[in-house]
Each structure stands twice: as C-alpha cells, then as structure tokens.
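Me: Could you take a close look at the cysteines in this protein for me? I'd like to know which of them are bonded, where they sit and how buried they are.

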Amino acid sequence: MAALIAENFRFLSLFFKSKDVMIFNGLVALGTVGSEELFSVVAFNCPCSPARNYIYGLAAIGVPALALFLIGVIWNNHTWNLVAECHKRGTKNFSAAATFLLFGSIMGRASVAPITWSVISLLRGEAYICALSEFIKPSSLDKFPAEYGAEVLAKFPCRDVPANLTKFRDEVTRRLRYESQLFGWLLLGIAVVLIFLNKCLKHCCSPLSYRQEAYWAQYRSNEDKLFRRTAEVHSRILAAKNVKQFFGFVALDKEEKELVQEFPVEGVQPSPQWNAITGVYIYRENKGFPLYSRLHKWAKGVEGNGPTPEGHELLFLAS
C-alpha cells in the first residue's frame, strides 16, 4: 500500500514538471494505472446482490472514467482558450477543419486517463464479473441445478455459494474474465490505432516541414515557460509596490529585493493587450513569415486572425 501511494506521489511530481505532450500523456496513463490499482485494493467491493451488481460494476468502470475525462478537459489550457475565444471574438474565423482539430485535441488529451482506467479495469475483470454474473443463463451451464437462479449467480463474485456450485462459479468467473479482457484488449487496440492515424493525418496534412514543426513546438514551450515565469515576477513586484504604498514598507526577502531593484515595474498591461494574446490561435503566415502565436502576432503588430492571401491554416494553437 505504501509503495502504491509513493508511486502516485512521484507521478504527481513528474506530472507538474513535464511539458512534453508524449511524456505528459505517458505520465497520465501511469498515474491512472496506479490509481486504479489502489482503488481496486481499498474501494471495490461487489455487493453480490441482484440488480445492484450491474449498477455497481458499471459505476466502478464508468464514473471514475467520466471524472477523469472532465478533469482532463478542465486542466487543458486549450479549453479555456476556446472559451475566451468564443466570448471575445466568436468562431467566425475558424474553418471546419480548424474547429475539428481544436475539439479533437481537447477530447483526445482528456481521453488518455479515462481510456487507461477503462482498459485496466477490463483487464483486471473484477468490475465486469460483478456487473454481469447475474445475467449468465443457467441453461448455458452444463448440469446447473434448476432450483438456483439469478440470486445465486449474483453471489458468484463473492464466492458465497453452496459447495455444489463451486465448479459453476469457477466456470462463470473464467468466462466473464475472458470477455472482460477481450474487450479491454480491443479498446486498447482501437485507441492505439486512432492515435497512429491521428499522427499520420497530422503530418500528412501539415504544410510545414518536420524541422519547422519541431521549431514551432520548441517556440511554444519556451514562450509559455518564459511568459509564466515573467508574469510571476511581474505580479510579485507589482504586489510589493502596492503593499508598500499601503503600509509604507514591504517585508521582502533578499531574492525579492533583488528582483524589485533589477526589474522596475511601472504599471500593468491594459485589457486590450491581454485580450489580443489570449484565445485560440490559428497558425498564420504574414508575407511568407510565420507567426507562431498570438503573442508573436501582437509583437509584430499584425491585426486580425482571419485568412489572408498570404496565409494558411495549419493547426490551432492556444497561447
């Protein structure tokens, strides 16, 4: 148990440090595996009662998967960039392809954890066996006693059955575990194929070279890290100035004093500037020169986000 908890804490630490998409998705999957194992050990307990097994078994697979999906949508910056875009500018500048890519990216990223949860749950089989044991037809079991019905079958996952039904319980468990694992492997295979096709489609439809796409990815990562770091310092210095104005002094440590002296902050950015760099970004080129983000476009003084004779759409980019 302690090992599982420690594994999940290590996952969370790496999760918040990771910026690479593949590493991010891998860490989400690993963390979900650990969480599912922990859930199975401490939480899953089949009621072994007719009509309750089915609801509980499906809830054990579906509810955590739904929760993980919604958390993935909430934690995705693209979601809130889309909300900001619709609120400030609408989606009139988006083509159908760009809109599809936008939602595909949000849904795809958010689906990593719930698919992993569902696959592991199905491969383990406990929830599936719990949910469907009562629906096994007694006639499909050779020489099953006629006096027993769904009520006894529902108790098979708990092993609370008469001694003369032990062999039938083992057969039902083996049959349902086979079905559960089959569905799990099929779900995993479908997910991998879809990821492969998505990667192929992305690279085949991209007008950029592989090296330029790699540069674009590096730019996005560096811009995001530098923006967040600078915003944190800017807000700290501005807060220090306001606190000092209110109290007449501000209690700063040595590092903060050096920041205040090195980076003088005169004011704040007006709302139009924040709006200009916030929202969904469609890759554009201006007179043959790429514009890699809304911040890049704002710094170059380019107005608008609509199609231009010199520009073309590639992918959305939430800056």
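Reply: Happy to! Let's begin with the bond between Cys48 and Cys158, whose sulfurs are 1.7 Å apart in this predicted model. The torsion about this S-S bond is about 95°, so the disulfide is right-handed. Cys48 lies in the loop between H2 and H3, while Cys158 is found in the loop between helix H7 (150-153) and helix H8 (166-205), so the bond ties together parts that are 110 residues apart in sequence. The two ends differ in their surroundings: Cys48 is buried, because its relative accessibility of 10% falls under the 20% cut-off. Cys158, at 35%, counts as partly exposed, because that value lies between 20% and 50%.

Now for the partner bond. Searching the whole structure gives 2 disulfides, and Cys46 and Cys130 form one of them, with an S to S distance of 2.1 Å. This link is right-handed too, with 80° about the S-S bond. It also connects distant parts of the chain: Cys46 is in the loop between helix H2 (21-42) and helix H3 (52-75), and Cys130 is in helix H6 (residues 126-132), 84 residues away. Here both ends are buried, because Cys46 has a relative accessible area of 9% and Cys130 has 0%, and buried means under 20%.

If you count the bonded cysteines along the chain, the disulfides follow the pattern 1-3, 2-4.

That leaves the cysteines without a bond. Cys200 is in no disulfide, and the nearest cysteine sulfur to it belongs to Cys204, 6.1 Å away. Why does this pair not count as a disulfide? Because a disulfide needs the two sulfur atoms within 2.5 Å, and the sulfur of Cys204 is 6.1 Å from that of Cys200. Seen from the other side, Cys204 is in no disulfide either, and its nearest cysteine sulfur is that of Cys200. As for accessibility, Cys200 is partly exposed at 31%, whereas Cys204 is exposed at 68%.

To pull this together for your bench notes: Cys48 is joined to Cys158, Cys46 is joined to Cys130, and neither Cys200 nor Cys204 takes part in a disulfide.

Notes:
Residues numbered from 1 in each chain as written. Predicted model: local features only at pLDDT ≥ 70, side-chain atom pairs only at ≥ 80, totals over all residues. Heavy atoms only, no water. Helix = DSSP H or I, 4+ residues; strand = E, 2+ residues; numbered from the N terminus. Buried < 20%, exposed > 50% of the residue type's maximum accessible area, 1.4 Å probe, protein only.
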